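Thanks for making the time this morning. I would like to take you through one structure, starting with its nonpolar interior and then turning to a helix and the cysteines.

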Amino acid sequence: MFAAYAARIDSDQPLDGLELGERPAPEPRPGWSTVTVKAASLNHHDLWTLRGVGFKEEQLPMILGCDAAGIDENGNEVVIHSVIGQSGHGVGPREPRSLLTERYQGTFAEQVSVPTWNLLPKPAGLTFEQAACLPTSWLTAYRMLFTNAGVRPGDSVLVQGAGGGVATAAIVLGKAAGLRVYATSRDEAKRKRAVELGAADAFEPGARLPHRVDAVIETVGAATWSHSVKSLRPGGTLVISGATSGDRPAHAELTRIFFLELKVVGSTMGTKDELEDLLSFCTTTGIRPVIDDVLPLDRAREGFERMAAGDLFGKIVLTR
């Protein structure tokens, strides 16, 4: 079957390890289902895999892709929860949690095999392309906002780095939940898009906000860390799920964190129950993932290049 896969690891030039070509189709195994992939979306996790982060060379070649929506062996339209081993179903109770492509072949292919427990019904109101955007970045944003930040309608939130998948999702989800959302971006066009999506206002990175916020959604890392900490009200919460600009900020702001009793919470992905809630939230409110572009799988390299350059707003989706 045709697939986009990591053939080599290169920490400096990750796209040099990306190959497009034929790979073996998944074989049946007890407790697992084979899904015919209709759409899959790119995540920065795919770039980290090509760089060898959390991944060993002996695991190569590895089909990339965490997210997908498709059709199972029984003809059901499904969304894949991409956290494997979270429950023990299909893998055994002692297996550590992992994402697709960390241990098992991913979704950038004609077919993918996952534990049957990891399948959720795709809501009829969502296209395959829209549904394929939800299991990683949108689920991450959902958990960051509603589980780890614990914000409520009327609260205020700063979303750093408008344009990325998680940040874009946080703006849309926050607006739909009755939050007052502020966003930042270096790009004026992206700031304008953030406001169009529901942000109360958008600013250049580091700009002073109208007031301190209840929570910050942080995925940028070192470049925005100090601003994130300084933007919080006393007792506020900073939730971090990524560090695309690096994980070693020049100023950790430790004094401010302990003196103002700020909370710093790490967040990774989400649970199957949270994904089910997210699907329901999209159905009930009518919100939909922001899709930058839809490309055929054989143009996956183009999508990777745009994601690596930050030249996007929302998700890039691959289809067959």
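**Cores, a helix and the cysteines**

What you see here is a predicted model, and its largest nonpolar core has 51 residues, of which L173 and L278 have the most contacts inside that core. At least two residues of this core come from each of α2 (128-131), α3 (134-148), β11 (156-159), α4 (165-176), β12 (180-184), β14 (213-218) and α8 (272-285). If we leave out residues up to four places away in sequence, L278 touches L134, W138, L139, Y142 and L173. Another core, of 35 residues, lies apart from the largest one, and it includes A6, V37, L64 and L100.

Let me stay with α3 for a moment. Of its 15 residues, 12 are buried, so α3 is largely enclosed by the rest of the structure; among the buried ones are L134, W138, L139 and Y142, and also polar names such as T136, S137 and N148. The end C-alpha atoms of α3 are only 18 Å apart, whereas a straight helix would reach 21 Å at 1.5 Å a residue. After α3 comes G150, with a positive phi near 65°.

Finally, the cysteines: why does the structure hold 0 disulfides? For C66, the closest cysteine sulfur is that of C133, and because the two are 13 Å apart, they are too far for a bond. For C282 the closest cysteine sulfur is again in C133, at 10 Å, which is also too far for a bond. C66 counts as buried, at 0% relative accessibility, and C282 is buried with a relative accessible area of 0%.

Methods: Residues numbered from 1 in each chain as written. Predicted model: local features only at pLDDT ≥ 70, side-chain atom pairs only at ≥ 80, totals over all residues. Heavy atoms only, no water. Core = buried A, V, L, I, M, F, W, Y, C linked by side-chain atoms within 4.5 Å. Buried < 20%, exposed > 50% of the residue type's maximum accessible area, 1.4 Å probe, protein only. Helix = DSSP H or I, 4+ residues; strand = E, 2+ residues; numbered from the N terminus. Contact = heavy atoms within 4.5 Å. Expected span 1.5 Å × (residues − 1). Disulfide = S-S within 2.5 Å.
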